[in-house]
Amino acid sequence: MAKHTIVLVPGDGIGPEVTAAARRVMEAAGLQADWVELPAGASAVAEGYDDVLPQRTLAAIQAHKVALKGPVTTPVGKGFQSVNVQLRKKLNLYAAVRPVRNVPGVKTRFDGVDIVVVRENTEGLYSGIENEVTPGVVTSLKVATAVACDRIARYAFRYATRRHRKKITVFHKANIMKLTDGMFLNAARRVHEDEYPNIEYEEMIIDAGCMKLVQDPTRFDVLLMENLYGDLISDLCAGLVGGLGVVPGSNIGEDSAVFEAVHGSAPDIAGKDAANPLAVLMSGVMMLYHLHEDAVADRVRNAYEGVLTDGQVVTRDLGGTAGTKAFADAVIARL
Ligand code: NAI
């Protein structure tokens, strides 16, 4: 087995607990890796770095091309620019991929949910271009470029083809944002018609899409959308299958990839051994497939599915009492 170098960014809040648990499980499953642990977020500033995304951390991800990242706390309305937004822009991690599936043993309103949210990760309202026109009047600029719209559309269709997915649904608001969402929509249409006519394609205005998602999520397959919509819809979809503790994610670029859960740093439960490490572990499994460590990935996946199916060791977010460490221990015991 090849030895990998993986940058581990523990992050803030519950980040250090859940990333440590995920690392422990992957190592127990046989992953051979050198881990380069580096800070980001409020904890980086607390350690004396002058930015929430230290240059050292960025450079390490650029050099090693793969990172497992915990969530970071982003100050609201002031202070530093979000680590996540910086990372995605600086590393050009243009595609956020978030698979949302029912997990064994977690009863929710719907069975058979199997959705992949593909989110454009570099522009839209996350351009961070805001302006005070005059006191009392502020604006925020939504950016869409033909290059980024085309790139994410191609990514989604390529992903759907490789994973034997049947349908792509684009959520948009091009009826109102005719230029920006219109450009996004046109790119998806063009890629569908010219390159992937065999994949079923549909378009939905996002408000109606939200209603349909909560009425019957099983009618959806791959969802493609711009940045802000993808952020919101990812959490909505997480809610359909048991919450933020069970949904993994990845941020994919041409050169590097950063794997992280959808959830945040959960300051309300940080440091209490109360967080579910599963979402980060599942993100780790996505990372293992990305590194072509399929056997280790399968082993980890079978082990956590076994624990969830048994229903003996259940974390608090899913109605049980098990802590972060106890859940990781149970997964290791099943390997
Ligand atoms: P959050 O995801 O941290 O928490 C929302 C709710 O879900 C809380 O009740 C929390 O306890 C619970 N929760 C989240 N993850 C959990 C887990 N693994 N196990 C059990 N329960 C879990 O979202 P919130 O409160 O909106 O944001 C807190 C901070 O996290 C903010 O500073 C925000 O900017 C940041 N954030 C960072 C992200 C990242 O770095 N990728 C993503 C989302 C938010």
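At what angle do the axes of helix H10 and helix H11 cross, and within what distance do they come? In this predicted model, the axes of H10 (residues 294-310) and H11 (residues 324-334) come within 8 Å and cross at roughly 115°. Angles of 65 to 115 degrees count as roughly perpendicular, and H10 and H11 are therefore roughly perpendicular to each other. The crossing of H10 past H11 is right-handed. On the H10 side, the contact is made by Ala-303, Tyr-304, Gly-306, Val-307, Leu-308 and Asp-310. On the H11 side, Phe-327, Ala-330, Val-331 and Arg-334 take part. Sorted by class, the residues in this contact are seven nonpolar, one polar and two charged.

The next element to look at is the sheet. It is open, has 10 strands and shows mixed pairing. Read across, the strand order is E2-E1-E3-E12-E11-E4-E5-E10-E8-E9. At the edges stand E2 (33-37) and E9 (200-205), each with a single partner strand, so one side of each has no neighbour in the sheet. From one strand to the next, the twist averages 25°. Strands of a sheet pair through backbone hydrogen bonds, and the pairing can be parallel or antiparallel. An antiparallel case within this sheet is that of E11 (residues 250-252) and E12 (residues 257-259), which are joined by three bridges. In this pair, Ile-252 of E11 stands opposite Ala-257 in E12.

Helices also lie against the sheet. Helix H5 (residues 146-162) lies across E4 (95-101), E5 (114-120), E8 (167-172), E9, E10 (222-225) and E11. The direction of H5 is at about 160° to E5. Helix H6 (residues 180-195) packs on the sheet as well, where it touches E5, E8, E9 and E10. Relative to E9, the direction of H6 makes an angle of about 165°. Edge strand E9 is thus among the strands touched by H6, and H5 lies across E9 too.

Two further strands, E6 and E7, form a hairpin with two residues between them. Gly-136, in the turn, has a positive phi of about 95°. E6 (residues 130-134) and E7 (residues 137-140) pair in the antiparallel sense over four bridges. Glu-130 has Ser-140 as its bridge partner in E7. Is E6 buried, or does it lie in the open? Buried here means under 20% relative accessible area. Of the five residues of E6, the number buried is zero, so this strand lies largely in the open.

Notes. Residues numbered from 1 in each chain as written. Predicted model: local features only at pLDDT ≥ 70, side-chain atom pairs only at ≥ 80, totals over all residues. Heavy atoms only, no water. Axes fitted to C-alpha atoms, helices over the stretch in contact; angles between N-to-C directions. Parallel < 35°, antiparallel > 145°, perpendicular 65-115°, else oblique. Left-handed = near helix turned anticlockwise from the far one by under 90°. Contact = heavy atoms within 4.5 Å. Nonpolar A, V, L, I, M, F, W, Y, C, P; charged D, E, K, R; others polar. Buried < 20%, exposed > 50% of the residue type's maximum accessible area, 1.4 Å probe, protein only. Pairing = 2+ DSSP bridges.
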